[in-house]
Amino acid sequence: MTTQLETPTITVSKTGGALGATIGGVRLGGELDPAVVAAIRQALLTHKVIFLRDQQHLDDAGQLAFANLLGTPTLAHPTSKSLEGAANVLPIDSDYGKANSWHTDVTFVDRIPAISILRAVTLPAYGGATSWANTVAAYEKLPGPLQALVDRLWAVHSNVYDYAGAADEVRIGGVDVKVQTHREQFVSQLFETEHPVVRVHPETGERSLVLGHFVRRFVGFSSAETTALFQLLQNRITNLDNTVRWQWQPGDLAIWDNRATQHYGVADYDDQPRRLHRITLAGDVPVSVDGVRSTPRTGDAAHFSA
């Protein structure tokens with residue numbers, strides 16, 4: 001199904017029933033018409049993740065110029081180093097690990113990024129897809145008693161390990177130096193933040209689940225209880241019927257609402273190189289269903305996000 005938006009040059013075609021849409025008829029950059037930017041943002045809010053093909057003209061500067069039209073870029077990461085000369089661009093590089101774990105970006109700080117923009121740079125000959133899950137739909141499909149529980153549930157998120165470097169850390173012949181260095185950067189400053197498990201989306205008003213692998217424990221629950229409850233909720237989020245999977249091609253760019261999704265980089269490309277460049281846009285402090293804001297416990301991330 002293809003629907004035409006108010007801006008006639010843009011088309012929006014659904015890629016999955018739970019979430020995802022492909023945007024056509026637009027060449028991204030820093031000089032887009034405001035009406036085009038508004039149409040892109042509306043498609044993002046509606047479909048949670050959107051994909052654009054044939055953007056080979058973009059480099060880091062062009063990606064950043066477009067990002068500035070959608071919001072305020074954060075630093076590349078609270079602790080990990082960005083690309084040389086590009087303070088807002090984070091390389092997702094297979095040389096340093098693989099992001100093959102379900103997560104929402106940077107939930108261990110209080111101001112979770114609102115939007116993530118990921119551009120293909122180097123792709124393997126096969127494999128290397130990314131999957132996204134709809135955390136709004138997952139909440140909406142919970143049974144009423146379980147919704148009542150999670151509406152009052154809080155969780156502590158921490159950067160105690162690196163989602164892009166934990167896998168494949170130890171290889172034949174010993175520790176991979178690049179991965180080890182990346183991991184040390186990631187945990188060079190400890191962050192812990194207490195978030196509501198259910199947040200109210202600041203633009204749509206929808207309720208979404210704030211989970212993913214940065215969760216260390218639920219407030220007031222034992223470690224065993226946390227594990228059981230976390231798996232119950234995560235399984236609801238990552239059920240295949242609640243996901244969309246994108247097979248990258250050269251020139252592709254994906255934009256997702258980090259307040260309404262989780263994602264997973266599929267590590268099925270053996271030892272081939274894979275590199276994508278990510279820019280995140282500043283978000284606000286999550287607010288629970290009863291109006292309580294997230295609270296930082298350890299670490300000040302004011303340098304990371306406006």
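T193 makes a good starting point: at 2% relative accessibility, this residue counts as buried. The model examined here is a predicted one, and T193 is found in its strand β11. What happens around this strand gives a convenient way into the rest of the fold.

Strand β11 spans residues 192-196, and 5 of its 5 residues are buried, so the strand is mostly covered. In a regular strand, side chains alternate between the two faces of the sheet. Here both faces of β11 are covered, with E192, E194 and P196 buried on one side and T193 and H195 buried on the other.

The neighbours of β11 come next. An open sheet is formed by 4 strands in the order β14-β8-β11-β19, with antiparallel pairing. At the edges stand β14 (215-218) and β19 (295-298), each with a single partner strand, so one side of each is left without a neighbour in the sheet. From one strand to the next, the twist averages 30°.

Within this sheet, β8 and β11 run antiparallel and are joined by 5 bridges. One residue pair illustrates the connection: T193 in β11 is the bridge partner of H157. These two residues are 36 residues apart in sequence, yet their C-alpha atoms are 5.4 Å apart in space. Turning to β19, 3 bridges join this strand to β11, and the two run antiparallel. Here E194 has T295 of β19 as its bridge partner, while E192 stands opposite T298 in β19.

Just after β8 comes a residue with polar contacts of its own. N159 is placed in the loop between β8 (154-158) and β9 (170-171). With a relative accessible area of 1%, N159 is buried. A polar atom of its side chain lies 2.9 Å from the backbone oxygen of Q189. The side chain of N159 also reaches the backbone nitrogen of F191, at 2.8 Å.

Aromatic rings offer another view of the structure, which holds 7 aromatic pairs. One of them is the stacked pair of F51 and W246, with 4.1 Å from centre to centre and 0° between the planes. This pair links distant parts of the chain: F51 belongs to strand β4 (residues 49-52) and W246 to strand β15 (residues 243-246), 195 residues apart. F51 is buried, with a relative accessible area of 0%, and W246 is buried as well, at 7%. A second pair brings back F191: the ring centres of F108 and F191 are 6.0 Å apart and their planes lie at 35°, so this pair is tilted. Distant parts of the chain are again linked, since F108 sits in the loop between β5 (90-93) and β6 (115-122) and F191 in the loop between α5 (177-186) and β11, 83 residues apart. Both F108 and F191 are buried. Ring pairs also link F51, W132, W246 and W256 into a cluster.

The helix α6 shows how burial can be arranged around an axis. This helix covers residues 223-238 and has 16 residues, reaching 22 Å from its first C-alpha to its last, close to the 22 Å expected at 1.5 Å a residue. Its buried residues are T226, L229, F230, L233, Q234, I237 and T238. Seen down the helix axis, the buried residues of α6 fall within an arc of 155°, so they line one face of the helix. The face turned away from this buried side carries the exposed residues A224 and A228.

Two loop residues complete the picture through their backbone angles. Most residues other than glycine have a negative phi. V106, however, has a positive phi near 55° and is not a glycine. V106 lies in the loop between β5 and β6 and is buried, with a relative accessible area of 1%. D270, also not a glycine, has a positive phi of about 55°. The place of D270 is in the loop between β17 (261-265) and β18 (275-281). How exposed is D270? At 48% relative accessibility, D270 counts as partly exposed, because that class lies between the buried limit of under 20% and the exposed limit of over 50%.

Notes. Residues are numbered from 1 along each chain as its sequence is written. This is a predicted model: local features need pLDDT of at least 70, side-chain atom pairs count only at pLDDT 80 or more; totals for chains, interfaces and linings use all residues. Side-chain values use heavy atoms; hydrogens and water are left out. The expected span of a helix is 1.5 Å times one less than its number of residues. Buried means under 20% relative accessible area, exposed over 50%, partly exposed in between (1.4 Å probe, protein chains only). The arc is that of the directions from the helix axis to the C-beta atoms. A polar contact is a pair of N or O atoms within 3.5 Å; within protein, one must be able to donate a hydrogen and the other to accept it, and residues adjacent in sequence count only if both atoms are side-chain atoms. Two strands pair if DSSP finds at least two bridges between them. Axes are lines fitted to C-alpha atoms, for helices over the stretch in contact, and angles run from 0 to 180 degrees between N-to-C directions. Rings of Phe, Tyr and Trp (its six-membered ring) pair if their centres lie within 6.5 Å; planes under 30 degrees apart count as stacked, over 60 as edge-to-face and the rest as tilted.
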